[in-house]
Amino acid sequence: MSWRATVLTLFPEMFPGPLGQSLAGRALERGIWSLAARDIRAQAADRHRTVDDTPFGGGAGMVMRPDIVDAALAECADDRPAVFLTPRGRKLTQATVRRLAEGPGVVLLCGRYEGVDQRVIEARGLEEISIGDYVLSGGEPAAMVLLDACVRLLPGVMGAAESADEESFSAGLLEYPHYTRPAEWQGRRVPDVLLSGNHAAIAAWRRAEAERITRERRPDLWAGHGPELRQSDVRGG
Ligand code: ADE
């Protein structure tokens, strides 16, 4: 049984979009996962096909109606977790990606970011997920990000090279820098140690670089990377 993704959206024509290309696209063609984009507006009963209304209590923007969203969710409800993409959600992490990839699939609700009626979020037990602290014009690109991250973890999707990247990220460090030929380019030389053939020295250099870059760019990740795991020491760094 393949991993199943259903996206509920007002813009179903956005899918598969980039997910039809490259690694995810090939996995889709090979049947490792499936993708159905469903138009939320199909649930609207009135002549104007209304899916939203003005907020109780006043204020700007529109709110998606609970009955419409509930009907869209009811049509595809099964054993899969249902996720609402919103900047108000918990931030997406590799741990969450791994958990979702290990399950039967996902149902992703892309609402207008101004709001979906809170009652349907609660009634359907939607997991609210954000892909970062910035506001997109809709949840669709966030759904694509989540799906891309999950699909590459499905069995048979990644080759050995990509799997190794995932392992180093899981260790809680950013990646060390990469170099290929030519050994000198525009007066810039590849670090000597990488040309030395000394595998222990290369491993130590890469580890030190991964730690330095993580410390400089992501103090939050570095703080979660226990001192017992560190090769280098913060002193002098
Ligand atoms: N919708 C709008 N902005 C978003 C974000 N940052 N993450 C998830 N969904 C969103």
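How many of the residues of β1 are buried? Select β1 (3-9) in this predicted model: the strand is mostly covered, with 6 of its 7 residues buried.

Keep β1 displayed and add β2 (33-39). The two strands run parallel and are joined by 7 bridges. To inspect one of these pairings, select Thr 6, whose bridge partner in β2 is Ala 36. Next, show helix α1, residues 22-29. Together with β1 and β2, helix α1 forms a β-α-β unit, and this unit is right-handed.

Return to β1 and add β6 (105-110). Here too the strands are parallel, and 5 bridges join β1 to β6. Ala 5 is a convenient place to look, as Val 106 of β6 stands opposite Ala 5.

Now select helix α2, residues 66-74, and highlight Ile 68, Val 69, Ala 72 and Leu 73, which are buried. These residues lie on the same side of α2 because they cover an arc of only 130° around the axis. An α-helix has 3.6 residues a turn, so residues three or four places apart point the same way. Display the elements against which the buried residues of α2 pack: β1, β2, β4 (63-64), β5 (82-91), β6 and α4 (118-123).

The last stop is the ligand. Select the 12 residues around the ligand; those that come nearest are Leu 85, Pro 87, Ser 130, Leu 136 and Ala 142. Colouring this shell by residue class shows 8 nonpolar residues, 4 polar and no charged. Which element gives the most to the shell? Strand β5 does, with 3 residues.

Methods. Residues are numbered from 1 along each chain as its sequence is written. This is a predicted model: local features need pLDDT of at least 70, side-chain atom pairs count only at pLDDT 80 or more; totals for chains, interfaces and linings use all residues. A residue is buried if 20 or more other C-beta atoms lie within 10 Å of its own, exposed if 12 or fewer, and partly exposed in between; C-beta atoms are placed from the backbone. Helices (H or I, at least four residues) and strands (E, at least two) are DSSP runs, numbered from the N terminus. The arc is that of the directions from the helix axis to the C-beta atoms. Two residues are in contact if their C-beta atoms, placed from the backbone, lie within 7 Å. A residue is near a molecule or strand if its C-beta atom, placed from the backbone, lies within 6 Å of it. Ala, Val, Leu, Ile, Met, Phe, Trp, Tyr, Cys and Pro count as nonpolar, Asp, Glu, Lys and Arg as charged, and the others, Gly among them, as polar. Two strands pair if DSSP finds at least two bridges between them. A crossover is right-handed if, with the strands pointing away from the viewer, the path from the first strand over the helix to the second runs clockwise.
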